[in-house]
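Me: Please go through this structure with me in short questions and replies.

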Amino acid sequence: MRMPALDRRLQLLLDEERYARLAAEADASGRSVAAIIRHAIDVAYPSGDTGRAEAARQLLAMSDAAGSEPGEGPADLKRALEDQFASKQGMR
């Protein structure tokens with residue numbers, strides 16, 4: 001993965017406790033405090049298509065739901081998704 005050019009400077013004031021947490025993580029991970037902050041921003045505010053990630057989380061939640069069985073086929077999954085969508089829309 002290519003790292004984008006860092007061309008914006010930001011001044012950020014932190015209290016001692018927050019800075020201590022950042023510094024401890026930086027020391028433990030071998031990264032800079034700035035790298036830790038950039039990573040936290042990326043995690044809190046991801047860029048790109050987050051719809052796919054949300055869809056994957058919903059599919060995984062469905063597979064963990066009571067009554068689901070391993071090995072359900074695509075048709076079963078499609079029907080379950082349609083039923084879930086319809087129930088949220090008040091159609092069923």
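The exchange below concerns a predicted model.

Me: What pattern does the protein follow along the sequence?
Reply: The model is a predicted one. The protein has four helices and zero strands. Read from start to end, the pattern is therefore made of helices, with strands absent, and is written α-α-α-α.

Me: What percentage of the residues of the protein count as buried?
Reply: A residue is counted as buried when its relative accessible area is under 20%. The protein has 92 residues, and the share of them that count as buried is 5%.

Me: How much area does the protein expose, and what share of it do carbon and sulfur atoms supply?
Reply: The exposed area of the protein is about 8400 Å². The share of this area that carbon and sulfur atoms supply is 55%.

Me: Which helix gives the largest share of the lining of the largest pocket?
Reply: The largest pocket holds about 710 Å³ of space. Of the 21 residues that line this pocket, the closest to its centre are Arg8, Ala34, Ile37, Arg38 and Ile41. Eight residues of the lining, the largest share, come from one helix, spanning residues 33-44, namely α2.

Me: How many nonpolar, polar and charged residues are in the lining of the largest pocket?
Reply: Arg counts as charged, whereas Ala and Ile count as nonpolar. Arg8 and Ala34 are among the residues closest to the pocket centre. By class, the lining has 14 nonpolar, two polar and five charged residues.

Me: Which residues make the nonpolar surface patch of about 410 Å²?
Reply: A patch residue needs over 30% relative accessible area. Leu12, found in the segment before α1 (16-29), is partly exposed at 47% and therefore passes that cut-off. The patch is made by Leu10, Leu12, Leu14 and Tyr19.

Me: How many salt bridges does the protein have, and which residue pairs with Asp15?
Reply: The count of salt bridges is four. In one of them, N and O are 2.9 Å apart, and the side chain of Asp15 meets that of Arg18. Asp15 is partly exposed at 34% relative accessibility, and Arg18 is also partly exposed, at 46%. The answers are four salt bridges and, for Asp15, the partner Arg18.

Me: Why are Glu17 and Arg21 separated by about one helical turn?
Reply: The side chains of Glu17 and Arg21 meet in a salt bridge with an N to O distance of 2.9 Å. Glu17 is partly exposed, with a relative accessible area of 47%. The separation is about one helical turn because the two residues are four residues apart in helix α1.

Me: Is Lys78 exposed or buried?
Reply: Lys78 forms a salt bridge with Glu82, and the closest N and O atoms are 3.9 Å apart. Both residues lie in helix α4 (residues 74-88), four residues apart, about one turn of the helix. Glu82 counts as partly exposed at 39% relative accessibility. Lys78 has 53% relative accessibility, and because the cut-off is over 50%, Lys78 counts as exposed.

Methods:
Residues numbered from 1 in each chain as written. Predicted model: local features only at pLDDT ≥ 70, side-chain atom pairs only at ≥ 80, totals over all residues. Heavy atoms only, no water. Patch = residues over 30% accessible without salt bridge, like charges linked within 9 Å, V, L, I, M, F, W, Y side chains within 5 Å. Areas by Shrake-Rupley, 256 points an atom, 1.4 Å probe, with all protein chains shown as cover. Buried < 20%, exposed > 50% of the residue type's maximum accessible area, 1.4 Å probe, protein only. 1 Å grid on protein atoms, 1.4 Å probe; cavity = no way out; pocket = protein on both sides within 12 Å on 5 of 7 lines; lining within 4 Å. Points joined across faces, edges and corners; volume = space filled by probe spheres on them.
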